[in-house]
Amino acid sequence: MKPTQLLVLTLSIGAALCLSSCGGEQTTSSDTDHSSASKPKAGNAPNASILKVGDKLFNLPSPLETAFLIEEVGGHFNEAILNRNTDASGYSTKQSQAMNLGIYGADLGYSLIYGHSQSTFTLLATCKRLGTDLGISPAVYTGLMGRFEGNLQNRDSLLIFVSELNRMSDEYLKENESEDISALILYGGWVESLYFSTVLTQELDDEKLRNRVGEQKNTLGNMVGLIEQQNVDGALDNIVTQLKELEVIFENVGDSYTWVEPQTNPEEHMTVIKSQSSVEVSPEVLAEITAKIDDIRNSIIGSSES
Amino acid sequence: MKQLLIITFALLSFVGASAQCDITADVCQSHITDDFLSDGQHYRALLLTDQVAEFNATLYGGSLYRLAACTGTQDGNLVFRVFDKERNLIFRNSEFKNAPYWDFMVKSTLDVIIEAELDPIAGASGCAVMLMGFKR
């Protein structure tokens, strides 16, 4: 072997080992088209991990955002809408554990915003247990749990801790080649959040809350994209099918969008986005969405019995 | 020999970029100050020069969002642009010295596409980290 070939081989092996140990990912794309970002992968390759090249990333709004809206429109705390099974020991598969961690996480945020410290602490312990079962380092929880206990009367601090806990868990999972788990947690949280909106819309008959349901039309597209990205071997086919069925219903949500030039204020590091949008959700469509999301949620929280 | 040097450089750049990811995440997190709540998600993309990471998000009306986007250990090396779903340009940080974070006050719920790429002066590859926070 020539010295130059040996050098390339050595560097390649070294790089592969380092990327592997660092949780890195091999490059899968060399797309250089700026106008349209690289196409999403079909899913994680067996050795894929946190680092993606030219891939699409999907954001789901935090369940806390909808919980804040529920509080804002005057909804009272309704413990009955939480997942009543706080034991969680029956969730034995990674898939059911991840989805239910998302459900409990949304329940935790809702309880926290209303200052229900007892259910909050119970839910936090459940989240810790499920997170640990999913391989999230206990160290992620330990420090924050201590800070949580010391700030039980300070809602703002607790909200920061919980959102930080979610971000650190997400970071940990992505660093450790568990993006599928991360996606399922987000899925569970999104389902629970939409469940809250649909149930409480019926109780409160509030336009903002009804609109929040309709606004999920496009978020649902991101949700589908995120799950499909992780559905390498068809293990998530059932979720994709349910989401596609939900998409069919959401096609009947009317929406409009009008572009308005934004206003940027450099001194404040801020841009005001003035574009206008609206959604129209008829009572019939709302009823269909409510029934479907109830089915989906039941399939998740009832998965301990299957 | 030239090819060898390019391959070697690319490999070493990737190794370096991967190792930098954790540091970059810490740098980026410092921009999501305590008056913002994290959306609970963490986004990373390993980029080579000329590669673009695309990030799809929904921003709710009535909320203030902070987007932080970083690479390497110093601010100002990641270029990002925010478009609406019709590809109308909302913001680009290159007009503001590649500002590592920017706030967006949202009047009405909309879906946005965020594109991020390395500033060519930052090097041939890097770990791009994007974080989002919100407050009502």
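**Helix packing in chain A, with a look at chain B**

Visitor: Is α6(A) mostly covered or mostly open, and how many of its 21 residues are buried?
Guide: α6(A) is a helix, and helices here are DSSP runs of H or I with at least four residues, while strands are runs of E with at least two, numbered from the N terminus. Buried means 20 or more other C-beta atoms within 10 Å of a residue's own, exposed means 12 or fewer, and partly exposed is in between, with C-beta atoms placed from the backbone. By that count α6(A) is mostly covered, and the number of buried residues is 16.

Visitor: Before we go on, what kind of model is this?
Guide: Residues are numbered from 1 along each chain as its sequence is written, and chains are lettered from A and ligands numbered from 1 in the order in which they are written. Local features need pLDDT of at least 70, side-chain atom pairs count only at pLDDT 80 or more, and totals for chains, interfaces and linings use all residues, since the model is predicted.

Visitor: How far does α6(A) reach from its first C-alpha to its last?
Guide: α6(A) covers residues 155-175, and the span to expect is 1.5 Å times one less than the number of residues. For this helix that expectation is 30 Å, and the model comes close to it, with a reach of 30 Å.

Visitor: Which residue after α6(A) has a positive phi?
Guide: Look just past the helix for a phi near 60°. The residue there is Glu177(A).

Visitor: α6(A) and α7(A) pack at about 150°, so how are they oriented to each other?
Guide: α7(A) is residues 179-204, and its axis lies 7 Å from that of α6(A). Axes are lines fitted to C-alpha atoms, for helices over the stretch in contact, and angles run from 0 to 180 degrees between N-to-C directions. Angles under 35 degrees count as roughly parallel, over 145 as roughly antiparallel, 65 to 115 as roughly perpendicular and the rest as oblique. So this pair is roughly antiparallel.

Visitor: Which residues of α7(A) meet α6(A)?
Guide: Contact here means that two C-beta atoms, placed from the backbone, lie within 7 Å. On the α6(A) side you have Asp170(A), Leu173(A) and Lys174(A); on the α7(A) side, Glu179(A), Ile181(A) and Ser182(A).

Visitor: Within what distance do the axes of α4(A) and α5(A) come?
Guide: α4(A) is residues 117-133 and α5(A) is residues 138-149. They cross at roughly 170°, with axes coming within 10 Å.

Visitor: Is the crossing of α4(A) and α5(A) left-handed or right-handed?
Guide: A crossing is left-handed if the near helix is turned anticlockwise from the far one by less than a right angle, and right-handed if clockwise. For α4(A) and α5(A), the crossing is left-handed.

Visitor: And which residues of α5(A) make that contact?
Guide: α4(A) brings Leu124(A), Lys128(A), Gly131(A) and Thr132(A). From α5(A) come Pro138(A), Tyr141(A), Met145(A) and Phe148(A).

Visitor: How do the residues of that contact divide?
Guide: Ala, Val, Leu, Ile, Met, Phe, Trp, Tyr, Cys and Pro count as nonpolar, Asp, Glu, Lys and Arg as charged, and the others, Gly among them, as polar. The split for α4(A) with α5(A) is five nonpolar, two polar and one charged.

Visitor: Is Leu124(A) buried or exposed?
Guide: Leu124(A) sits in α4(A). Beyond its neighbours within four places in sequence, it touches Leu108(A) and Phe148(A). Leu124(A) has 24 C-beta neighbours inside 10 Å, so it counts as buried.

Visitor: How far apart are the axes of α3(A) and α4(A)?
Guide: α3(A), residues 94-113, packs on α4(A) at an angle of about 155°. The separation of the axes is 9 Å.

Visitor: What is the handedness of the crossing where α3(A) passes α4(A)?
Guide: Picture α3(A) passing α4(A). The crossing is left-handed.

Visitor: How far is Val285(A) from Ile249(A), C-alpha to C-alpha?
Guide: Val285(A) belongs to α11(A), residues 283-301, and is partly exposed, with 18 other C-beta atoms within 10 Å. Its contacts, apart from neighbours within four places in sequence, are Ile249(A), Asn252(A) and Val253(A). Val285(A) and Ile249(A) are 36 residues apart in sequence, yet their distance in space is 7.0 Å.

Visitor: What share of the 136 residues in chain B is buried?
Guide: Chain A has 11 helices and five strands, and 44% of its 306 residues count as buried. Chain B has one helix and nine strands. Its buried share is 56%.
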